Amino acid sequence: MNRIELPKTCGVGFKEWSGVCDALAGGAQILILRKGGIAEGPGGFTPEHPFFWLYPTHVHEVQQGLRIEPPRTAPAPAPDEAAGIVAIRALAAVETVRRIDREDDLDALEDFHVWTSETVHKRFRYRSPGLWALVVRVWSAARPTTLAATPEQLGCKTWVELDPPLPTPGLAPALDDEAWRRRREALPAVLQ
């Protein structure tokens, strides 16, 4: 398995439900399934960044579902949305990107994410059938960096710019090399 070399800084944020960010940072999830935000237009989501910070949000999280066990690490503090403060603590490195075009393939991915089956199938069917699947390895900081959300970061979009870029030294992997190897090898064929 190739070792991933993290960049010294990263200025890209990936907006995702707070509970999913906690699951990724805690090693309970290694997969991101994405359709795209409304602000991304008819083309939808494009998996264009190999590294990104997980930018926790609660937008749409209440209306849909997660099946979460207690995180293995302390969850990130909830963003103080009223004050426009976001806590960033985890960096994801994309290892594999696949387009899932067959709804029948979704159930085989269940052990690798914390969304409910209903949520995943609803996302798959939204607008036009299909989802992007990103297999990610995640590193976390001992303490989050809190940022004031900018107007450009608000709204239903996936990618946001973090200016200045956040440093990555001192991050620890959510899963050690052996645990990551085992999880990666257990992925179904649709993601190999």
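D101 is located in the loop that connects β4 and α2, where helices (H or I, at least four residues) and strands (E, at least two) are DSSP runs numbered from the N terminus. The model is predicted: local features need pLDDT of at least 70, side-chain atom pairs count only at pLDDT 80 or more, and totals for chains, interfaces and linings use all residues. Residues are numbered from 1 along each chain as its sequence is written, and side-chain values use heavy atoms, with hydrogens and water left out.

D101 counts as exposed because its relative accessibility is 52%; buried means under 20% relative accessible area, exposed over 50%, and partly exposed in between (1.4 Å probe, protein chains only). With neighbours within four places in sequence set aside, D101 is in contact (heavy atoms within 4.5 Å) with F124 and G130. The C-alpha atoms of D101 and S128 are separated by 9.9 Å, with their positions 27 residues apart along the chain. D104 is also placed in the loop between β4 (85–100) and α2 (117–125), and counts as exposed because its relative accessibility is 62%. A negative surface patch consists of D104, D107, E110 and D111. Patches are made of residues with over 30% relative accessible area and no salt bridge, like charges being joined within 9 Å and nonpolar side chains (Val, Leu, Ile, Met, Phe, Trp, Tyr) within 5 Å. Asp and Glu count as negative and Lys and Arg as positive, whereas His and the chain ends are not counted.

Within α2, the residues T119, V120, H121, R123 and F124 are buried. The buried residues of this helix pack against β1 (9–17), β2 (31–34), β4 and β5 (131–148). Just after α2, R127 adopts a positive phi of about 60°.

Ten salt bridges are found in a search of the whole structure, each defined as a side-chain nitrogen of Lys or Arg within 4 Å of a carboxyl oxygen of Asp or Glu. E16 and R34 form one such pair, with the closest N and O atoms 2.8 Å apart. This pair links distant parts of the chain, E16 being in strand β1 and R34 in strand β2, 18 residues apart. Both E16 and R34 are buried. E16 also pairs with R123, the closest N and O atoms being 4.0 Å apart. R123 belongs to helix α2 and E16 to strand β1, so this salt bridge ties together parts 107 residues apart in sequence. R123 and E16 are both buried.

A salt bridge also joins the side chains of R182 and E178 (3.6 Å, N to O). These two residues are separated by about one helical turn because they are four residues apart in helix α3 (residues 177–185). E178, R181, R182 and E185 are joined into one network by salt bridges that share partners. E178 counts as partly exposed because its relative accessibility is 36%.

T168 lies in the loop between β6 (159–167) and β7 (172–173), and counts as buried because its relative accessibility is 5%. Apart from neighbours within four places in sequence, T168 is in contact with L6, P7, K8, T9, C10, W53 and L91.

The protein chain contains three helices and seven strands, in the order β-α-β-β-β-α-β-β-β-α from the N terminus. Of its 192 residues, 45% are buried. Among contacts between residues at least 6 apart in sequence, 86% join residues at least 24 apart.

Conventions. Accessible areas come from the Shrake-Rupley method with a 1.4 Å probe; for residues, only the protein chains shown count as cover. The place of a charge is taken as NZ of Lys, CZ of Arg, CG of Asp or CD of Glu.
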